[in-house]
Amino acid sequence: MKMKMKVLLLLGCCCGLVCAGQNRSDPRDQRLFPVLSINYDYVQMPFEVSLWILLASLMKLGFHLLPVLSGVVPESCLLIVVGLLVGGLIRVMGKNPPVLDSQLFFLCLLPPIILDAGYFLPIRPFTENAGTILTFAVLGTLWNVFFMGAVLYGACRLEAGRLASVDLLSCLLFGSIVSAVDPVAVLAVFEEIHINELLHILVFGESLLNDAVTVVLYHLFEEFAHAGEVTVGDVFLGVVCFFVVALGGVMVGGVYGVLAAFTSRFTSHTRVIEPLFVFLYSYMAYLSAEVFHLSGIMALIACGVVMRPYVEANISHKSYTTIKYFLKMWSSVSETLIFIFLGVSTVAGPHAWNWTFVSITIVLCLLSRVLGVVGLTYIINKYRMVKLSGKDQFIVAYGGLRGAIAFSLAFLLSSDDFPMKDMFLTAIITVIFFTVFVQGMTIRPLVELLAVKKKKQTKCSINEEIHTQFLEHLLAGIEGVCGHYGHHHWRHKLDRFNKRYIRRCLIGGERSQEPQLVSFYNKMELKQALMLLESNSSANLSTGDTAAAPRQRSRKTLNISKEREDEIRKILRANLQKTRQRLRSYSRHTLMPDAEDEDWSETRLRKQRLQMERRMSHFLTVPAHRGSPPARRARVESDSPALAARPSILFSLADERWESRGRKPSVKFALDVEEQKLPRCVSDPGADQLLEEEDENIRHRH
Amino acid sequence: MGASQSGPVHMFQDLAYKTGFSIEQIKNLHNRFIYLTQAEDTLRREHLENVSDLALNPIRRQIIEAFFDKRNMGEKEKGCLQEIGFEEFVTVLSFFRPPKPHTVDEEMKNIKKEKLRFLFNMHDTDNDGIITLDEYRRVVEELLSSYEIMGAETAKAITDAAMLEVASVTVGQMGPDEFYEGITFEQFMQILKDVEIETKMNIHFWNLDTRTVQCGK
C-alpha cells in the first residue's frame, strides 16, 4: 500500500514537472528543459489581491494581540496608519502606490458592510425612531450641504487668490460630498464604545439613510456643473429625483427581498447553497439599483430587512450560522481594506494643500453638524415621547464621522469640470482624518465622562418577551379605545396582515403559523439546553448544597477537573451509536439533512417532559420529597437555578412539524462546538437513569 | 345635559390637575367618552366591546376589565365596578400618559411603579396580590389565542418556564420544604425592571380633536 502510494506520488511529480516545463518552454529553441521557471504575470492580479487581503487580516490579528493599543485607539485609526506606512514603503521602493479605485470601492468593498448592517439591523428600535432618523438623514444632510456650500463660497470670495475660481456649484458639490455621515466609519467607531441602543440606531440609521440624499445631490450638482446653468425646473426635477431615488431603491430592495424569501421556501433539500441565495439576491439588488442611479445602499438595506424574518424561518440553523459568519467576515475584511487603502491613497496624492480651504472646511463641518443637530432636535422633541437630552444630542453630533464614501465620491469627479479636484481631495482626506482620529479617539473617554447610558446586556428572558408582547397588544387596545390611530395601531395592523397573508406565502411548511412568542421560546430553549449540557459536564456532584446560588443568571465557568472530565467522556463515548450515523458521509452531495433535529425531537421530548415534571414538582406544587439521597438531589440543585428550569416541552407538539427545520439560536451564542456535544449527551445513560428514578418517586408521591 | 358652562370646565380642571393631562386632552377624551357611551352618562362593558379595533385584540377581555377594576381608581378597595363615569375613564387612561420632560429620577421611579402596578392588576384577576400559575397561564393563552392551531400544551409550557424563571431570579435556591406560590408585586417589579416601562407604556394623547375620527362600528 505504502509502496504504491510512493510510486504514484513520484509519477505525479514527474508529470507535473513535465507539463510545467512544456508550457513554459519556447518551442523554437532547443535549450535545456527548464525544471523550474517563474511566471509571475500569470497570477499577478489574484496574487496581489490576496496579498492585500492577507495583509489586512494580519494587521487585524496584530491589533488584537496588543490589547493596550486597541483599548485606547480605535481600530480604524490604526488601520489608516498602517496604510500610510505601506504607502510610504511602496513610494520609497520607487513605485506609485495604488489609489482606492472608486469602482472597486463601490462595487466590491462597500456592499458587504452595508449588507451586514442591514441584515442585522435591529428593526424595533429602527421603526420606533424612524421619524427622527429620517429627519436627521434628510433635513440634517440638506442643511449641512447648503450651509457648508454657502459659507465656503463666501469664504472663497473673500479670500480671493487661488480660491477665486471656485464657484458656487463646486462649493455646493463639495458640501454634498463631505457632509454625509459615513456608515463605515460610524460602525467602526461605535461598535467599540457600546453606547445604548437608541443613540446607536439614531446615528447609524442616519448614516445609512442619508445615502439617498447624497446620491441625488451629487448627481444633481455634477449635472448642473456639466450643463453650465441651472433653471428652476431643474431644481424641481431635483426634488422629484430625490423621491425617485429613495423610494425606488427601497422598492428594488424589497422586490429582491421577497424573491429571496420565496426562494428560501423551497431549499429544504439543498441546504448547502442556502446562504448563497441570500448573498446573491442582496448583491443583485445593490447592482440593479446602481444601474438606474438609485440608492444602492437603501436597496441593500431594504432587501436585508425584508428577507430576514422569512429566510430565517425557512433555513436550517447551520445555514443561518454560515450567513452570519460570512457576512461578518466579509464586512470585517472590507472595512479593514477600506481604511488601509485610505492610508495608502493619502500617500499616493496628488495633493493641493490650501490652509484656508482646509481649515474652514473642518471648522464648518463641526459647526454645521452641531447647529443642525441642535436645531432639528428642538423640532423633533415636540413629537417624541422620549425626548433627546443634551447629552444625547452631543453624542449624535459628535458621532457624525466622515469616511471613505466621501473620498470615493470626490475621486470620481472629473478633472475637467472641476479643476479644483485635487484641493477638494486633500480637504476631504483631512476631514476624514480629523473625524476618524480626533473624534474617533476622544469619543470613548467622552462617553465615559458624560456617563452616557451604555448598551444593556440583553438577557434572554421569557418574562420580558411575554410582557413586551403583552404591552404591544395593550397599547394597541388602548389606542383603539381612545380612538386615534397611533404607532401601535398601525404596527398591529401590519402584524396581522403579515401573519395572515405574507407569512403563508413565504414561509414553507408549518412554520408559517408559529407565533413569535413560541419561536422566541424555542430559541431560548435551545440556548438553555446547550448551556445545561455545558454545565452538566462541569457540575460537581458532591458540592451541590454548598454551591452558591447566584440571584442573577450568571454563566457558570467551566472549571472541571481533568479526572471528572475523563469520567464523563468515558460514559459518553460508550454510547456513541447515534453519533456514528451522523459522521457517515462527508461528501457535500450527501449531506445529512439535519439528522440531529430528528433525534433531538424524539428523545428529548420524552426526557424533557420528565425533567419538567420533576422540576415543576420541586418548585411549584407539592414540596419535594425527602427520601431521596443527597447526591442526586444535589445534582438537581447544583445546576445553577436559572438553568434548572428549561425543558422544552414544545418539542412534544406536533412532532411532524420539526423535520428538517433549523433552530435559531440567539445570535451571541456560538453553537459550533456545543452542537457536537449535544447528540452525544442525549444518549447519556446517567441522565436517563436519574430521570427514571425521579419519575418513580414522583409517582409514589402522588 | 343642562349643566352650566362653568361646571364641566371646573371638572376638567380638577381632572387635569389630578391626572396630569392638559385641558385640551381632557376635552378630547370627554368627546371620545361621549362617543363611546352614545351620550349616556356612564360607560359599561358593552360600550367598550363595541369598539371594532378591540375585537381583534387577543387580550381585549383584560383590557376591558382593567377599566372597571377598582384597584386602578386609586382606591384601596378591591372588586369590579359595573359602570364607570368620565372621571374613572380618565384615571385609567392616565396610566398611559407619557412622563413630562425633566422629570426627576425619584418621580420616574414612582411612575414606573404605578405603571407596573397597573400591569400587575391586569394579571392578578382574583385580587389576592399574587399572580398564580393559573392566572399567568391564562395570560399566555390569551396572547397565543390569535394563532388557532396552538394547543394548551404550548401555553402551559411557556407559562411554566416563565414562572420558574421568576422563581429562580427572585428567590434563588429554595430549600427542600419551600414551594413557590406565585409572583408578588415586588418580584414582578424585579423581573421587569429592565423593560423600561416608563418609556414604553405610553401612548400619544394628541391635542387634536378626535371627534372626526370614524372609529367604532
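Here a colleague asks how some labels for this predicted model were earned, and the modeller answers.

Colleague: What should I know before we start on this predicted model?

Modeller: Residues are numbered from 1 along each chain as its sequence is written, and chains are lettered from A and ligands numbered from 1 in the order written. Local features need pLDDT of at least 70, side-chain atom pairs count only at pLDDT 80 or more, totals for chains, interfaces and linings use all residues, and side-chain values use heavy atoms, with hydrogens and water left out.

Colleague: Why is Cys303(A) called buried?

Modeller: Buried means under 20% relative accessible area, exposed means over 50%, and partly exposed lies in between (1.4 Å probe, protein chains only). Cys303(A) has 0%, so Cys303(A) is buried.

Colleague: And what makes Cys241(A) partly exposed?

Modeller: Its relative accessibility is 31%, between those two cut-offs, so Cys241(A) counts as partly exposed. In chain B, 51% of the 217 residues count as buried.

Colleague: How many disulfides does a search of the whole structure find?

Modeller: Zero, over all chains. To be called a disulfide, a pair of cysteine sulfur atoms must lie within 2.5 Å.

Colleague: What pLDDT does chain B average?

Modeller: Chain B averages 75, and 82% of its residues score at least 70; pLDDT is the predictor's confidence in each residue, from 0 to 100. Over residues 1–5 of chain B the pLDDT is below 50, and that stretch has one contact (heavy atoms within 4.5 Å) beyond near neighbours in sequence. Residues 210–217 of chain B are also below 50, with 18 such contacts. Where pLDDT is low, the predicted coordinates should not be read in detail.

Colleague: What ipTM and pTM does the predictor give the complex?

Modeller: The ipTM is 0.87 and the pTM is 0.70.

Colleague: How many helices and strands are there in chain B?

Modeller: Eleven helices and two strands. They are DSSP runs, numbered from the N terminus: helices are H or I with at least four residues, strands E with at least two.

Colleague: Which element gives the largest share of the lining of the second largest pocket?

Modeller: That is α2(A), with ten residues. The lining by class has 33 nonpolar, three polar and three charged residues. Nonpolar covers Ala, Val, Leu, Ile, Met, Phe, Trp, Tyr, Cys and Pro; charged covers Asp, Glu, Lys and Arg; the others, Gly among them, are polar. A pocket is an open set of points on a 1 Å grid over the protein atoms alone, where a 1.4 Å probe fits, with protein on both sides within 12 Å along at least five of seven lines; lining residues have an atom within 4 Å of a point.
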